[in-house]
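Colleague: Walk me through this fold, please. Keep it brisk.

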Amino acid sequence: MRTSLLHKTGIDPVRAVLVGVDSGREDFPDSMAELSLLADSAGSIPVASVVARKGRTDPALFVGSGKANEIKRALEDNDAELVIFNHPLSPSQQRNLERHLGHHVMDRTGLILDIFSQRAQSHIGKTQVELAQVRYRMSRLVRAWSHLERQKGGIGLRGGPGETQMELDRRMLATKAKRLELELEKLQRQQRTQRRSRSRKDVFSVSLVGYTNAGKSTLFNALTKADTYAADQLFATLDTTSRRVFLPEVGSIVVSDTVGFIRDLPHQLVEAFRATLDETIHADLILHVIDACSPVAKEQQAQVEAVLAEIGADSIPRLEVMNKIDLMPQTFTKGPMVVRDIEGQPSRIYLSAQTGLGLDLLRETLAQSAVMTDRIRDQHNRPKSQLTTEELLAPMTERPDSAEFNPIPLKHYLPHDA
């Protein structure tokens, strides 16, 4: 696997200059802040930011020669070694920028791949990362600069056309990609076998999804008593982890923690991680974990919903989990609670995975959903994939208190500037 440019064992972290183009989007400041967190999560130190205004994209340098010179000065003034763009760069733009600046250049996709390469732990996760990196490099061959001139011909020939080194590199990468695809297919078959075994036993399955750093892994650990790595950083969890949870009302259920989502997640990364996200596609219930204290909670929620639609999981019943209410007690004055729609079905729950507030409410809701799922299976004898949201999250036998019965818009619980 490719050595990370951002994380060098035994020496100081790489100092990086961040570059973004402001196209007028309202979330541009948040996007740049997120880029800084990504760089920090990858092991580098962001030391400066250069912002260009919206204009015609330069086909050679992306930002134009004037702004490229400004980036070069920022590198020199801050003794930085790396430039990270908050946008996808074409292979030629990346090579031209590296020649112009005299330093390594990385775009957002390359940065996320670098983080993935550091975080993957399982065999299938490492295979997915390596395949994504190979596909990314096939279109770039970023090391192929000076040695791309046409080589000599075959045996006994001098001056024949031969093959370029780029063609040889591309063929080697294509062969490696094919091997990784076959290996990944084998691992996916093993996953499907395990999933069919759970399905035959009618085990209720729950998948945690959410924007990265929303607290999924913390909630997973709190529910399952597991020790999955959880930290205040982006993509702290990469591999899907599944654990059994015993609920007195229904017995054991399976809860799975998945990779966090992020804005502008490159399509090829979604494709590469379909095997990891398979647990989400085949879950009985999705717990969408949301950072209730984030001023951009709605935007992050929309990003997750977009990815769920892309992988074909948008029709699976879900329960919104508003996490981290302990960080803003003055806003979430009612504390942990379950919000239900007009039919009495749970649609949202407020809790704190870190402190344990509301976990009992969540367990009760999961048990009710599992019981209702078993009842529907028995009555209709249908596969769980065909159950509707209304059937899975059916009303409780007892009417909830009126304070919890009516759904309360998210805006009433978020800070005024959300």
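The questions below go from the sheet to the helices around it.

Colleague: In what order do the four strands of the open sheet lie?

Modeller: This is a predicted model. The edge strands, each pairing on one side only, are S2 and S4 (104–106). The pairing is parallel, and the order is S2-S1-S3-S4.

Colleague: How many bridges join S1 to S2?

Modeller: S1 covers residues 15–22 and S2 covers residues 45–53. Leu18 stands opposite Ser49 in S2. The two strands run parallel, and the bridges that join them number eight.

Colleague: Which residue in S4 stands opposite Val83?

Modeller: S3 (residues 82–85) pairs with S4 over three bridges, in the parallel sense. Opposite Val83 in S4 stands Val105.

Colleague: What is the hand of the β-α-β unit made by S1, H1 and S2?

Modeller: H1 packs on the sheet and touches S1, S2 and S3. Its direction makes about 160 degrees with that of S1. The unit of S1, H1 and S2 is right-handed.

Colleague: What angle does the direction of H4 make with that of S4?

Modeller: H4 also packs on the sheet. The strands H4 touches are S3 and S4. With the direction of S4, that of H4 makes about 90 degrees.

Colleague: At roughly what angle do the axes of H1 and H4 cross?

Modeller: Residues of H1 (28–42) that meet H4 (108–119) include Leu35, Leu38 and Ala39. On the H4 side, Leu111, Ile112 and Ile115 are among the residues met. By class, the contact has seven nonpolar, three polar and three charged residues. The crossing is left-handed, the axes come within 9 Å, and the angle is roughly 35 degrees.

Colleague: Is Thr127 buried or exposed?

Modeller: Thr127 is found in helix H5 (residues 123–138). Leaving aside neighbours within four places in sequence, Thr127 is in contact with Leu180, Glu183, Leu184 and Leu187. Buried means under 20% relative accessible area. Thr127 has 3%, so Thr127 is buried.

Colleague: How many of the nine residues of H7 are buried?

Modeller: H7 spans residues 216–224 and is mostly covered. Among its buried residues are Lys216, Leu219, Phe220 and Leu223. The number buried is eight.

Colleague: Which residue follows H7?

Modeller: The residue after H7 has a positive phi, near 60 degrees. That residue is Lys225.

Conventions. Residues numbered from 1 in each chain as written. Predicted model: local features only at pLDDT ≥ 70, side-chain atom pairs only at ≥ 80, totals over all residues. Heavy atoms only, no water. Buried < 20%, exposed > 50% of the residue type's maximum accessible area, 1.4 Å probe, protein only. Contact = heavy atoms within 4.5 Å. Axes fitted to C-alpha atoms, helices over the stretch in contact; angles between N-to-C directions. Left-handed = near helix turned anticlockwise from the far one by under 90°. Nonpolar A, V, L, I, M, F, W, Y, C, P; charged D, E, K, R; others polar. Pairing = 2+ DSSP bridges. Right-handed = clockwise from strand over helix to strand, strands pointing away.
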